[in-house]
Amino acid sequence: MTPRLPPGCVIALLGACATERDALAQALAARLNQRGIAATLVADPLAAGASEAAHDDDGTARMLLATRLLHRIRQAAARGVVIAAGTPLGVLAATQGPAPDDAAVAWALTAQRHWAMTLLVGIAASPGAATNSALAARDARLRTWLLGAGMTFSVVHGDGSQRLANAWNAIVAQQDGGDGVASDAAMPAGAARRTGVQGCDRCS
């Protein structure tokens, strides 16, 4: 089934593991285009060459990067459907330095709330215990922020093609559940979606 995604619809991906999240975003954008839905992929600026380390201890630099990313997503949404591999909330969560202040997180959550859907890419098993610990902490930070804001998101697990299938099912399931997939323009300012974690037996 191909979901009905109106122009301006933004599907935003979050995830502790940038490699897995970015691969899923690329695969989703490719599938949508193959199905005749013109979709623009907005890459994570950290993965696109910006040094994560350069922003770890500088809240101003992190906010500048996040603000520029939000502008890019909005520009892309004016042209059609967007798959956002990076979001301001993800940029703030990626820091290994001091935790972002509450005002910055609230700003990023406000941006995230206006988008049609949030997919949180679960952490795949990996042999490095230290890496797992760091990723788990980042994943927990994202979930705490989203749940604390009362936002709905779908957790997507799996590897490769299975992860893509699960993400696709989550998008379709949101429509089948009666929510539809709204465009950014269709979301009134301050409107909230159902709280909690969306999922199904194949997703979360």
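**Exercise 1. Explain how Asp139 and Arg143 are placed relative to each other in helix α5, and describe the contact between their side chains.**

Because Asp139 and Arg143 are four residues apart in helix α5 (residues 129–148), they are separated by about one helical turn; helices here are DSSP runs of H or I with at least four residues, strands are runs of E with at least two, and both are numbered from the N terminus. The model is a predicted one, in which local features need pLDDT of at least 70 and side-chain atom pairs count only at pLDDT 80 or more, while totals for chains, interfaces and linings use all residues. Residues are numbered from 1 along each chain as its sequence is written, and side-chain values use heavy atoms, with hydrogens and water left out.

The next step is the contact itself: the side chains of Asp139 and Arg143 meet in a salt bridge, at 2.6 Å from N to O, the term meaning a side-chain nitrogen of Lys or Arg within 4 Å of a carboxyl oxygen of Asp or Glu. Asp139 counts as buried at 9% relative accessibility, whereas Arg143, at 27%, is partly exposed (buried is under 20% relative accessible area, exposed over 50%, partly exposed in between, with a 1.4 Å probe and protein chains only).

**Exercise 2. Find which residues are linked with Arg21 in a network of salt bridges.**

A search of the whole structure finds three salt bridges. One of them joins Arg21 to Asp22, with the closest N and O atoms 3.2 Å apart, and another joins Arg21 to Asp44, at 2.4 Å from N to O. The latter pair links distant parts of the chain, since Arg21 lies in helix α1 (residues 18–34) and Asp44 in the loop between β2 (39–42) and α2 (59–77), 23 residues apart. The network therefore consists of Arg21, Asp22 and Asp44. Arg21 is buried at 6% relative accessibility, and Asp44 is buried at 7%.

**Exercise 3. Describe how α2 and α4 pack, and which residues meet.**

Two packed helices are described by the angle between their axes and the distance between the axes. For α2 and helix α4 (residues 102–113), the angle is about 10° and the axes are 12 Å apart, where axes are lines fitted to C-alpha atoms over the stretch in contact and angles run from 0 to 180 degrees between N-to-C directions. The two helices are therefore roughly parallel to each other, a description used for angles under 35 degrees. Met63, Ala66, Thr67 and Leu70 in α2 meet Ala104, Trp107 and Ala111 in α4, contact being heavy atoms within 4.5 Å.

Conventions: Angles under 35 degrees count as roughly parallel, over 145 as roughly antiparallel, 65 to 115 as roughly perpendicular and the rest as oblique.
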